[in-house]
Amino acid sequence: MYEPIRTKSVHRMADDDQNAYPHRSREEELDIQLAGHLAALLAVTDELGDEAAGELIARQVARLRGAPPARHAGLSGSNAESLHRRAHALAGRALVVAASRADTAAAILAAERMDAHTAALTSHKLVSAP
């Protein structure tokens, strides 16, 4: 009823070549992820013009990557409210990753940035209300 398999399988067994390519540890993966979230937060922070916060974030990115981060070169043209919302979301993601890797300094920084962007959004709504 069925034809027998006559060619070699193109699939490999799970045990084959375990050391054929480098593997990262969970901590290394979390460092990379946290540095990425903070670098994105840095880009939005630079676009908002908050130099003091930008320097704090840049220090954390440099600590995680071992090199200073590239600073934001272009502007997105978004309004301040959408930038604060994006920054709040990015800080939240950074907080989750920092908490999972037990990085107190990055977690405190992310929480402070979330608070700052929440305050900016709240004051923006109060100011723009009729």
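Guide: In this model a residue is called buried when its relative accessible area is under 20%, exposed when that area is over 50%, and partly exposed in between, using a 1.4 Å probe and protein chains only. The model is predicted, so local features need pLDDT of at least 70 and side-chain atom pairs count only at pLDDT 80 or more, while totals for chains, interfaces and linings use all residues. Residues are numbered from 1 along each chain as its sequence is written, and side-chain values use heavy atoms, with hydrogens and water left out.

Visitor: Why is Thr45 called buried?

Guide: Thr45 has a relative accessibility of 1%, and the limit for buried is under 20%, so Thr45 counts as buried.

Visitor: Where does Thr45 lie, and what does Thr45 touch?

Guide: Thr45 belongs to helix H1, where a helix is a DSSP run of H or I with at least four residues, a strand is a run of E with at least two, and both are numbered from the N terminus. If residues up to four places away in sequence are not counted, Thr45 touches Asp50, Ala53, Gly54 and Ile57, a contact being heavy atoms within 4.5 Å.

Visitor: What makes the pair of Thr45 and Leu41 a polar contact?

Guide: The term asks for a pair of N or O atoms within 3.5 Å, one able to donate a hydrogen and the other to accept it within protein, and residues adjacent in sequence count only if both atoms are side-chain atoms. The Thr45 side chain reaches the backbone oxygen of Leu41 at 2.7 Å, so the pair meets the distance limit.

Visitor: Why is Val96 described as exposed, and His117 as buried?

Guide: Val96, in helix H3 (residues 80-100), has a relative accessible area of 58% and is therefore exposed. His117, in helix H4 (residues 104-128), has one of 2% and is therefore buried; leaving aside neighbours within four places in sequence, His117 is in contact with Leu41, Leu48, His84, Ala87 and His88.

Visitor: What makes a group of residues a nonpolar core, and which members touch the most others in the largest one?

Guide: Such a core is a set of buried Ala, Val, Leu, Ile, Met, Phe, Trp, Tyr and Cys residues joined through side-chain atoms within 4.5 Å. The largest has 23 residues, of which Leu34, Leu38, Leu41 and Ile57 touch the most other members. Two or more residues of this core come from each of helix H1 (26-48), helix H2 (51-65), H3 and H4. In soluble globular proteins, nonpolar side chains tend to be buried together.
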